[in-house]
Structures are given as C-alpha cells and as structure tokens.
Amino acid sequence: LTALSDSDTSLTILRLSMVPSVGNHSNLRDLALTLRSGRFIWIGDGSNLKTMTAIGDVTRAVTSVLKSECPRGARIYNVAGSHVSMKDIVTSLSEGLGISAPTLRMPSNVAFVFSRLLGGRFGVPSRERLEKFLSSDVISSENFQHEFGVSFDTDMRAILREYGASLI
C-alpha cells in the first residue's frame, strides 16, 4: 500500500464485517443448522456482541465509493452495520427457522472442560470455536460512513429471520 502513496493510482479497500445472506456458508449457517437440529446449548448469557452488515448496505457502500472522487493512494475502510447480541442472533435465527429459541444452558467453565476432553468429537466444539462464540466482535465503520455520507441502519434482526427462513 505504501508503494501507491507516490503514484497516480487510487485504491479503496473495503473490509466487511459478517454479511448474513442466502448462500453465505459461514459460522452463522453452522449456528442456524445447529439450532434447527435441536442440539444447541446456550453457553454464556448471550450478551456478547457481533457486528453484521446487510448485503444492501454493502451494495450502498460499494456504490458510494464508485461514485466518489478517489484521491491518489490507498484507503482502507471498515464497512460494518449493527452490533447484535448473540441472544438476538439466536432468537432471530430461531424465529426464521420456525422453532422456539433454545433455553438449555451450560456454564462456560463446564463447556471448556468438555471442550478440552472431547473438543471436535461428538458435536462438542473446540476451544477456539467456544472462544469465538463467547467473544464480542465489534467493528466500527464510523470513518467510512462520515467520509462517504452513508449510514447503515438496516434492522439486522429482520435480516437474520430472513436468513433463518432461507435454510428451511
């Protein structure tokens, strides 16, 4: 990127947060399929946040960049929508799948013991997967939204319900 700083080339890189959309085979799809199978057990209280962006907001971001005057050099931006709690993610996916949100819970310290003993076997997640599930992954796109005059305010819970329904 520094090689571009003295050239006439313009480069804008958009780093996306998770984009729940039909055909996206991500951890979100794995979560939805686990919910649908009835094998989901809550670990943690669900208050940890994940940043997601609707595909329509990604389209608006790309369009705004293409229509802008691009300065020389390289620019890198995060494109991120709402911060959604794991509880809202699980509840919204469950609603879209047409099932009740799970209520069975396991303390995280017990889950980590099971993971250490059985991780990767019998449907028990690995330590890394547990840590990812329990972590907050919050990304800001304030710089991008300010510079390009766009806002991302799509209702991610509705998008997650639609995503869950697409997997039925």
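**Entry 1: Leu134**

I looked up Leu134 in this predicted model and asked whether Leu134 is buried, partly exposed or exposed. Its relative accessible area is 25%, and buried would require under 20% while exposed would require over 50%, so I recorded Leu134 as partly exposed. The residue belongs to helix H5. I then listed its contacts, leaving aside neighbours within four places in sequence: Ile43, Gly44, Asn48, Ser108 and Phe112. I also noted Gly46, which stands 88 residues from Leu134 along the chain, yet the two C-alpha atoms are separated by 7.8 Å.

**Entry 2: Helix H4**

Phe112, one of the contacts of Leu134, led me to helix H4, which spans residues 108–118. Which residues of H4 are buried? I found Ala111, Phe112 and Ser115. These three cover an arc of only 100 degrees around the axis, which puts them on the same side of H4. On the face turned away from that buried side I found the exposed residues Asn109, Arg116 and Leu117.

I next asked what covers the buried residues of H4. The cover includes strand S2 (42–43), strand S6 (105–106) and helix H5 (127–134). Finally, I checked what comes after the helix: H4 is followed by Gly120, and the phi of Gly120 is positive, near 90 degrees.

**Entry 3: Aromatic pairs**

A pair of aromatic rings is described by the distance of the centres and the angle of the planes. How many aromatic pairs does a search of the whole structure find? The search gives seven.

I examined Trp42 and Phe133 among them; this pair is tilted, with 6.3 Å from centre to centre and 55 degrees between the planes. Trp42 is part of strand S2 and Phe133 is part of helix H5, so the pair ties together parts that lie 91 residues apart in sequence. I noted that both Trp42 and Phe133 are buried.

I turned to Phe144 and Phe152 for a second case. Their ring centres are 6.1 Å apart and their planes stand at 10 degrees; since planes under 30 degrees apart count as stacked, I recorded this pair as stacked. Phe144 and Phe152 are both buried. I also saw that ring pairs link Tyr77, Phe144, Phe148 and Phe152 into a cluster.

**Entry 4: Val150**

Phe144 appeared again when I looked up Val150, a residue in the loop between helix H6 (142–148) and helix H7 (156–166). Is Val150 buried or exposed? I recorded Val150 as buried, because its relative accessible area is 16%. Not counting residues up to four places away in sequence, Val150 touches Ser64, Phe144 and Gln145. Ser64 is 86 residues from Val150 along the chain, and I found their C-alpha atoms separated by 7.9 Å.

**Entry 5: Helix H7**

I continued to helix H7 and listed its buried residues: Met156, Ile159, Leu160, Tyr163 and Gly164. Seen down the axis of H7, they fall within an arc of 140 degrees, so they line one face of the helix. Against what do the buried residues of H7 pack? They pack against H1, strand S5 (83–85) and H3.

**Entry 6: The largest pocket**

Rolling a probe the size of a water molecule over the atoms shows where empty space is left. I looked up the largest pocket and found about 920 Å³ of space in it. The lining consists of 30 residues, and those closest to the centre are Leu31, Phe40, Pro125, Arg129 and Phe133. Helix H1 (27–37), strand S3 (49–51), helix H3 (86–97), H4 and H5 each give two or more residues to the lining. Which element gives the largest share? I found that H1 does, with five residues. By class, I recorded 19 nonpolar, five polar and six charged residues in the lining.

**Entry 7: The chain as a whole**

I closed with the overall figures. The protein chain has seven helices and six strands. From the N terminus on, I wrote their order as β-α-β-β-α-β-β-α-β-α-α-α-α. The C-alpha atoms fill a box of roughly 55 × 35 × 25 Å, taken along the principal axes. Of the 168 residues, 35% count as buried. I also asked what part of the contacts with a separation of 6 or more is made by residues 24 or more positions apart. Such residues account for 86% of those contacts.

Conventions
Residues numbered from 1 in each chain as written. Predicted model: local features only at pLDDT ≥ 70, side-chain atom pairs only at ≥ 80, totals over all residues. Heavy atoms only, no water. Buried < 20%, exposed > 50% of the residue type's maximum accessible area, 1.4 Å probe, protein only. Helix = DSSP H or I, 4+ residues; strand = E, 2+ residues; numbered from the N terminus. Arc of directions from axis to C-beta. Contact = heavy atoms within 4.5 Å. 1 Å grid on protein atoms, 1.4 Å probe; cavity = no way out; pocket = protein on both sides within 12 Å on 5 of 7 lines; lining within 4 Å. Points joined across faces, edges and corners; volume = space filled by probe spheres on them. Nonpolar A, V, L, I, M, F, W, Y, C, P; charged D, E, K, R; others polar. Phe/Tyr/Trp six-rings, centres within 6.5 Å; stacked < 30°, edge-to-face > 60°.
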